[in-house]
Amino acid sequence: MQVCVVKNTEPKNASIPLTMAAGGVAGLGLRYFMPVYKPEIDAVMFNQSDAIKRDNFAAAKKIFIDKAKNLFKKEPGNEALKLFLERMEAKTVQEAKVAKEKIKNAPQAVKENIDKLKSVMSAQIKASRHLTEANIKNAVKQARPVWGYLLPGLALGALGGYFYNVVGTIKED
């Protein structure tokens, strides 16, 4: 009579549907975490991304200047606001040069206030630019096809689970 050894442990096999699901989740995650490049942005935004950025830059600058004008109406004696607005609203190069000279010849306290206004305006414009770029990139990521990332993820997950099971059984023998 022949005696056979009974194995009390089965080899650890991966479930193909579970590895497919993990691969699909990884594929969908990759859809959002892959970087966005200029050609993709141009394809989705119809080459309008630069115009959108420029418009938002101009809008942020206009909003800040409008706030400064309203503040100047409340405080008409504020020399720093007056010179700042004069410089920002200059329509010709000559007017801008005259405004720069006035700022250069102003007292130190007025110059410091003008520098503060400039730094606040540049911070607001920079924030607007970053938000606009982030919104454009998120819109492009949303426009990416779901199936283009899900199906390869599912296939690679199934393939990975299959190879894990095959290599596991070969290793046992």
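Modeller: A residue counts as buried under 20% relative accessible area, as exposed over 50%, and as partly exposed in between, with a 1.4 Å probe and protein chains only. The model is a predicted one, in which local features need pLDDT of at least 70 and side-chain atom pairs pLDDT 80 or more, whereas totals for chains, interfaces and linings use all residues. Residues are numbered from 1 along each chain as its sequence is written, and side-chain values use heavy atoms, without hydrogens and water.

Biologist: Why is serine 128 called buried or exposed, whichever applies?

Modeller: Serine 128 has a relative accessibility of 17%, and it is therefore classed as buried. The residue belongs to helix H6, helices being DSSP runs of H or I with at least four residues, numbered from the N terminus. Beyond residues up to four places away in sequence, serine 128 touches Asn56 and Ala60, where contact means heavy atoms within 4.5 Å.

Biologist: What makes phenylalanine 57 buried, partly exposed or exposed?

Modeller: Phenylalanine 57 has a relative accessible area of 44%, and so it is partly exposed. This residue is part of helix H3. Its C-alpha atom is separated by 40 Å from that of leucine 151, 94 residues apart along the chain.

Biologist: What is notable about the phi of phenylalanine 46?

Modeller: The phi of phenylalanine 46 is positive, at about 55°, although the residue is not a glycine. Most residues other than glycine have a negative phi. Asparagine 47 likewise is not a glycine and has a positive phi, of about 60°. Phenylalanine 46 lies in the loop between helix H2 (38-45) and H3, and asparagine 47 is placed in the loop between H2 and H3.

Biologist: How do you know whether asparagine 47 is buried or exposed?

Modeller: The relative accessibility of asparagine 47 is 55%, so this residue counts as exposed. Phenylalanine 46, at 66%, therefore counts as exposed too.

Biologist: Why are H4 and H5 described as parallel or antiparallel, whichever applies?

Modeller: Helix H4 (residues 79-88) and helix H5 (residues 93-104) pack at about 155°, with their axes 8 Å apart. Axes are lines fitted to C-alpha atoms, for helices over the stretch in contact, and angles run from 0 to 180 degrees between N-to-C directions. Under 35 degrees counts as roughly parallel, over 145 as roughly antiparallel, 65 to 115 as roughly perpendicular, and the rest as oblique. H4 and H5 are therefore roughly antiparallel. Their crossing is left-handed, a term for a near helix turned anticlockwise from the far one by less than a right angle, clockwise being right-handed.

Biologist: Which residues of H4 and H5 meet?

Modeller: From H4 come Leu83, Glu86 and Arg87, and from H5 Ala96, Ala99, Lys100, Lys102 and Ile103. The contact of H4 with H5 comprises 4 nonpolar, no polar and 4 charged residues. Here Ala, Val, Leu, Ile, Met, Phe, Trp, Tyr, Cys and Pro are nonpolar, Asp, Glu, Lys and Arg charged, and the others, Gly among them, polar. Isoleucine 103, in helix H5, has a relative accessible area of 12% and is therefore buried. Apart from neighbours within four places in sequence, isoleucine 103 contacts Leu83, Arg87, Lys111 and Ile114.

Biologist: What makes H4 and H6 parallel, perpendicular or oblique to each other?

Modeller: H4 and helix H6 (residues 108-143) pack at about 55°, with their axes 9 Å apart. The two helices are therefore oblique to each other, and their crossing is right-handed. Glu79, Ala80, Leu81, Leu83, Phe84 and Met88 of H4 make this contact with Val110, Asn113, Ile114, Leu117, Lys118 and Met121 of H6. The contact of H4 with H6 consists of 9 nonpolar, 1 polar and 2 charged residues.

Biologist: What makes phenylalanine 64 and phenylalanine 84 an aromatic pair, and of which kind?

Modeller: The structure holds 2 aromatic pairs. Rings of Phe, Tyr and Trp (its six-membered ring) pair if their centres lie within 6.5 Å, with planes under 30 degrees apart stacked, over 60 edge-to-face, and the rest tilted. Phenylalanine 64 and phenylalanine 84 are 6.0 Å apart centre to centre, with 90° between the planes, and form an edge-to-face pair. Phenylalanine 64 lies in helix H3 (residues 49-74) and phenylalanine 84 in helix H4, so the pair ties together parts 20 residues apart in sequence. Both phenylalanine 64 and phenylalanine 84 are buried.

Biologist: At what angle do H3 and H4 pack?

Modeller: The angle is about 145°, and the axes of H3 and H4 are 10 Å apart. H3 passes H4 in a left-handed crossing. By class, the contact of H3 with H4 includes 9 nonpolar, no polar and 3 charged residues.
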